[in-house]
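Biologist: I'd like to go through the charged and aromatic contacts in this one. Can you walk me through the reasoning behind the labels?

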Amino acid sequence: MLYSDKVLDHFTNPRNVGEIPDADAVGEVGNAKCGDIMKMYLKIKGGIITDIKFKTYGCGAAIATSSMATEMIKGKSIQEALQLSNKAVVEALDGLPPTKIHCSVLAEQAIKSALADYYRRQGVDPEPIVGPTGECSACEDL
């Protein structure tokens with residue numbers, strides 16, 4: 001399995017690793033089938049993601065996609081973060097092997113899960129804004 005230099009860089013030097021103890025939002029997604037679990041922590045001020053951290057248990061591609069996804073939405077608005085697609089993450093990493101595409105879906109869903117948590121904490125039903133969150137549907141196909 002061949003990984004791009006960007007995937008290897010984000011795996012060996014992941015950005016934004018850790019927890020935010022007083023996070024405004026926390027989202028966790030994972031699937032026992034693939035063994036990958038991602039947890040995202042967000043600080044949001046005035047609708048902008050001012051800080052983001054992640055903890056990922058999984059393969060190199062899962063760590064790399066988590067790292068890249070956090071870099072792509074840090075400093076962005078909630079609306080911009082909701083537009084982040086797994087395809088954009090894959091492109092930013094210069095591609096992933098077909099068997100690892102589900103890792104990018106997991107990163108997208110972890111962000112959406114955290115944003116759903118943010119809306120719930122505001123007393124707003126997140127589903128019309130964020131869409132359904134939960135088990136990683138891409139992992140179901142493994």
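Modeller: Sure, and keep in mind that this is a predicted model. Let's start with aspartate 117 and arginine 121, whose side chains meet in a salt bridge at 2.9 Å, N to O.

Biologist: What makes aspartate 117 and arginine 121 a salt bridge?

Modeller: The cut-off is a Lys or Arg side-chain nitrogen within 4 Å of an Asp or Glu carboxyl oxygen. At 2.9 Å, N to O, the pair qualifies. Both residues sit in helix α5, four residues apart, about one turn of the helix.

Biologist: Why is aspartate 117 called buried, and what is arginine 121 called?

Modeller: Buried means under 20% relative accessible area. Aspartate 117 has 16%, so the label is buried. Arginine 121 comes out at 46%, and because partly exposed covers values between 20% and 50%, that is the label for arginine 121.

Biologist: Which residues are joined into one network by salt bridges that share partners?

Modeller: Those are Asp22, Asp24 and Lys43. One of the contacts is between the side chains of aspartate 24 and lysine 43, at 3.9 Å, N to O. That is within 4 Å, so the pair counts as a salt bridge. Aspartate 24 lies in the loop between α1 and β1, while lysine 43 is in strand β2, so this contact ties together parts 19 residues apart in sequence.

Biologist: How do you know that aspartate 24 and lysine 43 are partly exposed?

Modeller: Aspartate 24 has a relative accessible area of 24% and lysine 43 has 22%. Neither value is under 20% or over 50%, so both residues are partly exposed.

Biologist: How many salt bridges does the structure hold?

Modeller: Ten. Among them is lysine 6 with aspartate 94, at 3.9 Å, N to O. This pair links distant parts of the chain, 88 residues apart: lysine 6 is in helix α1, and aspartate 94 is in the loop between α4 and α5. Lysine 6 has 38% relative accessibility, so lysine 6 is partly exposed.

Biologist: And the aromatics: how many pairs does a search of the whole structure find?

Modeller: One aromatic pair, formed by tyrosine 118 and tyrosine 119.

Biologist: Why is the pair of tyrosine 118 and tyrosine 119 called edge-to-face?

Modeller: Ring centres have to lie within 6.5 Å, and planes over 60 degrees apart count as edge-to-face. Here the centres are 5.7 Å apart with 70° between the planes, so the pair passes both tests and earns the name edge-to-face. Tyrosine 118 and tyrosine 119 are both buried.

Terms used. Residues are numbered from 1 along each chain as its sequence is written. This is a predicted model: local features need pLDDT of at least 70, side-chain atom pairs count only at pLDDT 80 or more; totals for chains, interfaces and linings use all residues. Side-chain values use heavy atoms; hydrogens and water are left out. Helices (H or I, at least four residues) and strands (E, at least two) are DSSP runs, numbered from the N terminus. Buried means under 20% relative accessible area, exposed over 50%, partly exposed in between (1.4 Å probe, protein chains only). Rings of Phe, Tyr and Trp (its six-membered ring) pair if their centres lie within 6.5 Å; planes under 30 degrees apart count as stacked, over 60 as edge-to-face and the rest as tilted.
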